Amino acid sequence: MIKVVGRTGFEHSISEPVTVEALLKDLGLKEQSYVCIRNDAPVTRFDTISPEDDVVFMEIFSGG
């Protein structure tokens, strides 16, 4: 299961392996605005996500 956490949150599922970069594009998320955590470890845009992975995209934002 893929969870997107941030100002807007939602869940998504995939049926076949996909790169983080392709998934970000499919979900309409900006790469520089999210950190991807797969099975409790951060991954890069070049890593592959499988349907059985637990994935969280955490939005990066700051304030003062």
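## Exercises on a predicted model

In strand β7 of this model, the bridge partner of Tyr34 is Glu59. The model is a predicted one, and the exercises below start from that strand.

**Exercise 1.** Work out which strands pair with β7, in which sense they run, and in what order the strands of the sheet follow one another.

*Solution.* Begin with strand β4, residues 34-38, which is joined to β7 by 5 bridges and runs antiparallel to it; the pair Tyr34 and Glu59 belongs to these two strands. Next take strand β1, residues 2-5, which pairs with β7 in the parallel sense over 4 bridges, with Ile2 standing opposite Val55 of β7. Then look at the other partner of Ile2, which is His12 in β2; here β1 and β2 pair in the antiparallel sense, over 3 bridges. Putting the strands together gives an open sheet of 5 strands in the order β2-β1-β7-β4-β5, and its pairing is mixed. The edge strands, each of which pairs on one side only, are β2 (10-12) and β5 (41-43). As a last step, consider the angle between neighbouring strands of this sheet, which, with direction ignored, is 30° on average.

**Exercise 2.** Find which strands helix α1 touches, and sort the residues of β7 by the face, covered or uncovered, on which they lie.

*Solution.* Helix α1, residues 20-27, packs on the sheet and touches β1, β2, β4, β5 and β7, while its direction makes about 65° with that of β7. Within β7, residues 55-59, the covered face holds Val55, Phe57 and Glu59, whereas Val56 and Met58 belong to the uncovered face.

**Exercise 3.** Describe how Glu59 and Arg7 are connected, and decide for each whether it is buried or exposed.

*Solution.* First establish the contact: Glu59 and Arg7 form a salt bridge in which the closest N and O atoms are 3.6 Å apart. Then locate the partners, since Glu59 is in strand β7 and Arg7 in the loop between β1 and β2, so that the salt bridge ties together parts 52 residues apart in sequence. For the accessibility, recall that buried means under 20% and exposed over 50%; Glu59, at 16%, therefore counts as buried, and Arg7, at 63%, therefore counts as exposed. Finally, the charged end of Arg7 also sits over the ring of Phe61, 5.2 Å from its centre.

**Exercise 4.** The structure holds 3 salt bridges; find which residues are linked in a network of them.

*Solution.* Start with Glu21 and Arg45, whose salt bridge has its closest N and O atoms 2.9 Å apart. Glu21 lies in helix α1 and Arg45 in the loop between β5 and β6 (48-49), so this pair ties together parts that are 24 residues apart in sequence. Continue from Arg45, whose side chain also meets that of Glu31 in a salt bridge of 3.3 Å, N to O. Because Glu31 lies in the loop between α1 and β4, this second pair ties together parts that are 14 residues apart in sequence. The network therefore consists of Glu21, Glu31 and Arg45.

**Exercise 5.** Explain what is unusual about the phi angles of Asn39 and Asp40, and say where these residues lie.

*Solution.* Recall that most residues other than glycine have a negative phi. Asn39, although not a glycine, has a positive phi of about 50°, and Asp40, likewise not a glycine, has a positive phi of about 70°. Asn39 lies in the loop between β4 and β5, and Asp40 is found in the loop between β4 and β5 as well. Asn39 is partly exposed at 42% relative accessible area, while Asp40, at 77%, is exposed.

Notes
Residues are numbered from 1 along each chain as its sequence is written. This is a predicted model: local features need pLDDT of at least 70, side-chain atom pairs count only at pLDDT 80 or more; totals for chains, interfaces and linings use all residues. Side-chain values use heavy atoms; hydrogens and water are left out. Buried means under 20% relative accessible area, exposed over 50%, partly exposed in between (1.4 Å probe, protein chains only). Two strands pair if DSSP finds at least two bridges between them. Axes are lines fitted to C-alpha atoms, for helices over the stretch in contact, and angles run from 0 to 180 degrees between N-to-C directions. Contact means heavy atoms within 4.5 Å. A charge sits over a ring if NZ of Lys or CZ of Arg is within 6 Å of the ring centre and within 35 degrees of the ring normal. A salt bridge is a side-chain nitrogen of Lys or Arg within 4 Å of a carboxyl oxygen of Asp or Glu.
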